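Morning, everyone. I'll keep this quick. Please have the structure up on your screens.

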Amino acid sequence: MSSRQICALLAGLVGLGAIIGATVSNEWKSTSRASSVITATWVFQGLWMSCGGNAIGAVHCRPHLTIFKLEGYIQVCRGLMIAAVCLGFFGSIFALIGMKCTRIGGTDQVKARIAFFAGFNFILSGLCSLTACSLYAHKITSEFFDPMFVAQKYELGAALFIGWGGSALCILGGVVLCLSLSDGLSKSTSHSGRAYGYNGATSFVSSRTVGHKHPINNRRPPPDYSTTSQQFDKNAYV
């Protein structure tokens, strides 16, 4: 069971790293080369910056200086990705405490509950990241295939695929950690059943020994024939 928990923790950590990389990346969307007349320059945007590059390798980035003038879906994606990072961080801490190979956290039942809580955090982290990436991708695709949209069209960036992969790993690791709760509780119940059966056998043996002791104490002592034999000898001589 500890090997599965280690694999789940590694999957969660890799997924958390991918979510962090997708959050800070500036390639959530990039200009479509098919719909652009000038292909020597391109524009790519992220949650925090808007960048532009050209064919000679020069890249210039400008952060989003305002919050209130940003589109609503960008602000929602920001909040979801920050929540995903925070939940994944706390899930990693609780997973380290709840693993069976560590010596902190208390008994097996308590560690199983902590591991379940860590898995729940990983699942929420993956769902938040998955929702943010899917919302952003839906906005891009709806604008791209809209014939009435005349502004610059964008395509899906690499950060979206990284975010989707990290979300899948976090959800997978969280599910495995959640399954450790049932294993921990089943083992605890089996140990308690064995202890109960042993106590019953001990009490049964003790009752049998007590039952054997009482008849032994109630037995009459054997008769003493020594005095009778002495009297018989004396009468014989008389």
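Start at the hairpin. Strands β3 and β4 make it, with 4 residues between them. Look in the turn for G57: its phi is positive, at about 100°. The two strands run antiparallel, and 5 bridges join them. To get your bearings on the pairing, find S50 in β3, residues 49-54. S50 stands opposite R62 in β4.

A caution before going on: this is a predicted model.

Now widen the view to the sheet. What is the strand order? It reads β4-β3-β2-β1-β5, five strands in an open sheet with antiparallel pairing. The edges are β4, residues 59-63, and β5, residues 154-156, each of which pairs on one side only. From one strand to the next, the twist averages 25°.

Go to the β5 side. There, β5 pairs with β1, residues 29-31, in the antiparallel sense over 3 bridges. One pair to pick out: T31 has Y154 of β5 as its bridge partner.

How does the whole chain read along the sequence? The pattern is α-β-β-β-β-α-α-β-α-α. That comes to 5 helices and 5 strands. Among contacts between residues at least 6 apart in sequence, 66% join residues at least 24 apart. Of the 238 residues, 30% are buried.

On to the helices. Take α1 first, residues 2-24. Does its span agree or disagree with what 1.5 Å a residue predicts? It agrees: 23 residues should span 33 Å, and the end C-alpha atoms are 33 Å apart. The buried residues of α1 include Q5, A8, L9, A11 and G12, and further along G15, L16, A18, I19, A22 and T23.

Pause on L9, in helix α1. Its relative accessible area is 8%, and the cut-off for buried is under 20%, so L9 is buried. What does L9 touch, leaving out residues up to four places away in sequence? The answer is S92, A95, L96 and M99. L9 and L172 are 163 residues apart along the chain, yet their C-alpha atoms are separated by 10.0 Å.

Next, α3, residues 108-144. This helix lies across β1, β2 and β5, and runs at about 140° to β5. Find S125 in α3. Is S125 buried or exposed? Buried, because its relative accessibility is 0%. So where does a polar side chain like that point? For S125, the side chain reaches the backbone oxygen of A84, at 2.6 Å. Setting aside neighbours within four places in sequence, S125 is in contact with I19, A84, L87, G88 and C170. I19 you have met already: it is one of the buried residues of α1.

Last, the core. The largest nonpolar core has 27 residues. Which residues have the most contacts inside it? They are W28, L47, M81, Y136 and L160. Four helices each supply at least two of its residues: α1, α2 (72-98), α3 and α4 (158-218). The largest share, 8 residues, comes from α3.

To recap: an open sheet of 5 strands, α3 lying across β1, β2 and β5, and a core of 27 residues to which α3 gives the largest share. That's my slot. Over to you for questions.

Notes
Residues numbered from 1 in each chain as written. Predicted model: local features only at pLDDT ≥ 70, side-chain atom pairs only at ≥ 80, totals over all residues. Heavy atoms only, no water. Expected span 1.5 Å × (residues − 1). Buried < 20%, exposed > 50% of the residue type's maximum accessible area, 1.4 Å probe, protein only. Pairing = 2+ DSSP bridges. Axes fitted to C-alpha atoms, helices over the stretch in contact; angles between N-to-C directions. Contact = heavy atoms within 4.5 Å. Polar contact = N/O pair within 3.5 Å; in protein donor to acceptor, adjacent residues only side chain to side chain. Core = buried A, V, L, I, M, F, W, Y, C linked by side-chain atoms within 4.5 Å.
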